[in-house]
Amino acid sequence: MQTVTVSPNLELPLPISICEALHIKPGQKIQVVQLDGRIELIPQPSLKQARGFLKGIDTTIEREEDRL
């Protein structure tokens, strides 16, 4: 576990090892979620990376009438 210090501007530096492991690049968006007294950071893929992630999904599932 690594520890970082919050800057006077309330910024958190991310350790390089974490950025490399999660393939986080400068300027990339990260979703910040507060959950049960903790903060979770979720890297958001670029549109180029997200393209086609639903390929092969089964669309034959019957939907409820209020969901059509």
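Colleague: Which residues make the nonpolar surface patch?

Modeller: This is a predicted model, and in it V4, V6, L10 and L12 form a nonpolar surface patch of about 370 Å².

Colleague: How should I read the exposure of one patch member, and what is the relative accessible area of L12?

Modeller: A residue counts as buried under 20% relative accessible area and as exposed over 50%, with partly exposed in between. L12 has a relative accessible area of 45%, so this residue is partly exposed. Along the chain, L12 sits in the segment before helix 1.

Colleague: Where is T3, and is T3 buried or exposed?

Modeller: T3 is also placed in the segment before helix 1. Its relative accessible area is 74%, and the cut-off for exposed is over 50%, so T3 is exposed.

Colleague: What separates the C-alpha atoms of T3 and I18?

Modeller: There are two separations to read here, one along the chain and one in space. T3 and I18 are 15 residues apart along the chain, and 12 Å lies between their C-alpha atoms.

Colleague: I18 brings me to the largest pocket. What is its volume, and which residues lie nearest its centre?

Modeller: A pocket can be read by its volume and by the residues that line it. The largest pocket has a volume of about 300 Å³. Its lining has 15 residues, and those nearest the centre are L12, L14, I18, I39 and L41. L12 therefore appears twice in this account, as part of the nonpolar surface patch and in the pocket lining, with a relative accessible area between the cut-offs of 20% and 50%.

Colleague: Which element gives the most to the lining of the largest pocket?

Modeller: Strand 2 does, with four residues. Helix 1, residues 16-22, and strand 2, residues 38-43, each supply at least two residues of that lining.

Colleague: How many residues of each class does the lining have?

Modeller: Twelve are nonpolar, two are polar and one is charged.

Colleague: Now the backbone. What is the phi of H23, and where is H23 placed?

Modeller: Phi is a backbone angle, and its sign is the point to check. H23 is not a glycine, and its phi is positive, near 55 degrees. H23 belongs to the loop between helix 1 and strand 1, the latter being residues 30-35. With 57% relative accessibility, H23 is over the 50% cut-off and so counts as exposed.

Colleague: What is the phi of D36, and which loop holds D36?

Modeller: D36, likewise not a glycine, has a positive phi of about 50 degrees. D36 is in the loop between strand 1 and strand 2. Its relative accessible area of 70% makes D36 exposed.

How values were computed: Residues are numbered from 1 along each chain as its sequence is written. This is a predicted model: local features need pLDDT of at least 70, side-chain atom pairs count only at pLDDT 80 or more; totals for chains, interfaces and linings use all residues. Side-chain values use heavy atoms; hydrogens and water are left out. On a 1 Å grid over the protein atoms alone, a cavity is a set of points where a 1.4 Å probe fits but cannot get out, and a pocket is an open set with protein on both sides within 12 Å along at least five of seven lines; lining residues have an atom within 4 Å of a point. Grid points are joined across faces, edges and corners, and a volume is the space filled by probe spheres set on the points. Ala, Val, Leu, Ile, Met, Phe, Trp, Tyr, Cys and Pro count as nonpolar, Asp, Glu, Lys and Arg as charged, and the others, Gly among them, as polar. Buried means under 20% relative accessible area, exposed over 50%, partly exposed in between (1.4 Å probe, protein chains only). Patches are made of residues with over 30% relative accessible area and no salt bridge: like charges are joined within 9 Å, nonpolar side chains (Val, Leu, Ile, Met, Phe, Trp, Tyr) within 5 Å. Accessible areas come from the Shrake-Rupley method with a 1.4 Å probe; for residues, only the protein chains shown count as cover. A salt bridge is a side-chain nitrogen of Lys or Arg within 4 Å of a carboxyl oxygen of Asp or Glu.
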